Amino acid sequence: MNTQNTPVHITLWHKGFWLLSLANLFVTMSVYALLPVMPQWLMCYEHFSPFYTGLSMGAFAFGLFAFGTFCSYLVQRFRRNAVCIRAILIMALLIAAIYYLHDNHITMIDVWAIIGQRFLLGATFGLAKMVLSSTLIVDTSESFQRTEANHSSSWFARFALSLGPLLGIVVNHIWGFGAVLVMCVALCLLAVVLIRMVDFPFRAPEENVTLFSLDRFFLTSGTLLFANLFIITVAIGLIMSVELSFTFYGMIMFGFFLALLAQRFVFINAELKSEVVTGLILVFTALLLMVTRHAVVVNYAAPTMIGLGVGIVGARFLLFFIKLSRHCQRGTSQSTYILGWESGIALGVGIGYAFFSGNEQLALIFSLSLVSVALALYILVTHSWFVNHKNR
C-alpha cells in the first residue's frame with residue numbers, strides 16, 4: 001500500500017492517548033532543552049575544551065543503545081508502565097546531579113563524570129522512549145488505529161526538537177542555567193504524572209522470555225533505512241550545534257506546522273518518493289542559503305524550510321519503518337526509528353562542538369554534504385529497496 005497519508009479517527013484521541021502523547025512531548029523536551037545551553041556551561045563554567053564538550057554531548061548517542069537488548073525482557077518481566085516511569089525518574093535524578101554541581105559551584109569536575117552522566121541519560125531516555133512509543137501508546141490504541149497512533153504521537157516528540165531548545169534558550173537567558181535544569185526535571189516529573197494517570201490492561205508475561213533480544217529494540221531488516229535516517233539527523237544535529245537563537249527554533253516550529261498541512265493537503269495523492277525527496281531538497285536549499293547568503297530574510301526562511309523538510313522526512317521515514325515490519329514487529333520498528341532519529345541528532349551536536357567549534361561555516365558545509373549524501377542514497381538505493389521489501 002503506497003498511500004501517502006494515514007487515516008484520521010477521532011476516536012483515537014481519547015484521554016489516555018492525549019496523556020501519553022503529552023508525556024512523550026515533555027520527556028523529549030527535557031533532553032532537547034539542554035542541547036543549546038549545556039555545551040556553553042561545560043566550556044565556560046567547567047572549562048572543558050570544545051573537543052571534550054563535543055565528546056560529552058555525543059556520549060548521549062551511544063547511551064541510547066545501552067538498554068535496548070533488555071527492553072523486551074523488562075516489559076515482559078515487570079509492568080511496562082512501571083519500567084517507563086522508573087526510567088524517567090532516573091533521568092530526572094541524572095539532570096538533578098548536574099544542578100547540584102552548578103548550584104554548589106563545583107568546577108573543574110572530571111570530564112569522564114560528565115561523559116558518564118550523558119551516557120546514562122541517553123540510556124534511560126532511550127529505554128523510556130522505546131517503552132512509551134513502542135508499547136504503552138500501542139496498548140491504549142485499537143489494532144486498526146495503531147499506525148495512526150504511532151504517526152500522531154511521533155509528532156509530539158518531533159515538536160520537542162523546536163520547543164525544547166526554544167524554552168532552554170529563553171529560560172537560560174532570563175534565569176540562568178540552573179533554572180533550565182529545574183525546568184528539565186519538572187518536565188520529567190510531569191511526564192511521570194501523566195503516565196500514572198493512564199490505566200493499562202494487565203498482560204500476562206510470555207513464556208521463555210530471554211534476557212537479551214532484538215525484539216522492541218532494533219529491526220535488522222530496516223538497517224538501510226536506519227542508515228539513511230541517521231545521516232539526515234546527524235546533519236540536523238550539526239545545525240543545532242551552531243544555531244543557538246530564539247528566532248531559529250521558533251521558525252522551525254512554524255515549519256513543522258507547515259509540514260503537517262503539506263502532508264494532509266499537498267502530498268495526499270502524490271508519488272511515494274516525493275515526500276522524502278522534497279523534504280531533503282528543502283533542507284539542502286536552506287543550508288545553501290545559510291552558507292552563501294547573509295540577508296536578514298535568511299534568518300527566517302532557512303529555519304522554516306528546515307522545519308518543513310525535517311517534518312516531512314521524519315514522518316515519512318516513520319511510516320516506512322512500520323510498513324517494513326512484519327506482524328508483531330511494530331514496536332521494534334518504532335524503537336529503530338527512535339534510535340536513528342535521536343542518536344543522529346545527539347552525535348551531530350557532539351561532532352559540531354568537537355570538530356567545528358568556532359567555525360560555523362565549515363559545520364554548515366559538512367551538514368550540506370551529509371544531506372547531499374542522504375538524498376543520493378535515498379534516490380539511488382533506499383527507495384527502490386524499500387518498495388521491494390515492505391510488508392504492509
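Here, Ala, Val, Leu, Ile, Met, Phe, Trp, Tyr, Cys and Pro count as nonpolar, Asp, Glu, Lys and Arg as charged, and the others, Gly among them, as polar. With that in hand, the hollows of this predicted model can be taken in turn.

The largest cavity, with a volume of about 140 Å³, has a lining of five nonpolar, five polar and three charged residues. Of the 13 lining residues, Lys-129, Ser-154, Ala-157, Tyr-337 and Ile-338 lie nearest the centre of this cavity. Helices α6, α7 (146–175) and α13 each supply at least two residues of the lining, and the largest share, five residues, comes from α13.

In total, the structure holds three cavities of 30 Å³ or more. The second largest cavity has a volume of about 50 Å³, and its walls are formed by Val-31, Tyr-32, Leu-35, Phe-60, Arg-118, Glu-342, Ile-345 and Ala-346. Six of these residues are nonpolar, two are charged and none is polar. Both α1 (15–32) and α13 supply at least two residues here, with α13 giving the largest share, three residues.

Turning to the open sites, the largest pocket has a volume of about 550 Å³. Its lining comprises 21 residues, and those nearest the centre are Val-138, Arg-146, Arg-216, Cys-328 and Arg-330. By class, ten lining residues are charged, eight polar and three nonpolar. At least two residues each come from α6 (111–139) and α13 (330–356); α6 provides the largest share, four residues. Helix α13 thus recurs in the linings of the largest pocket, the largest cavity and the second largest cavity.

Note on methods
Residues are numbered from 1 along each chain as its sequence is written. This is a predicted model: local features need pLDDT of at least 70, side-chain atom pairs count only at pLDDT 80 or more; totals for chains, interfaces and linings use all residues. Side-chain values use heavy atoms; hydrogens and water are left out. On a 1 Å grid over the protein atoms alone, a cavity is a set of points where a 1.4 Å probe fits but cannot get out, and a pocket is an open set with protein on both sides within 12 Å along at least five of seven lines; lining residues have an atom within 4 Å of a point. Grid points are joined across faces, edges and corners, and a volume is the space filled by probe spheres set on the points.
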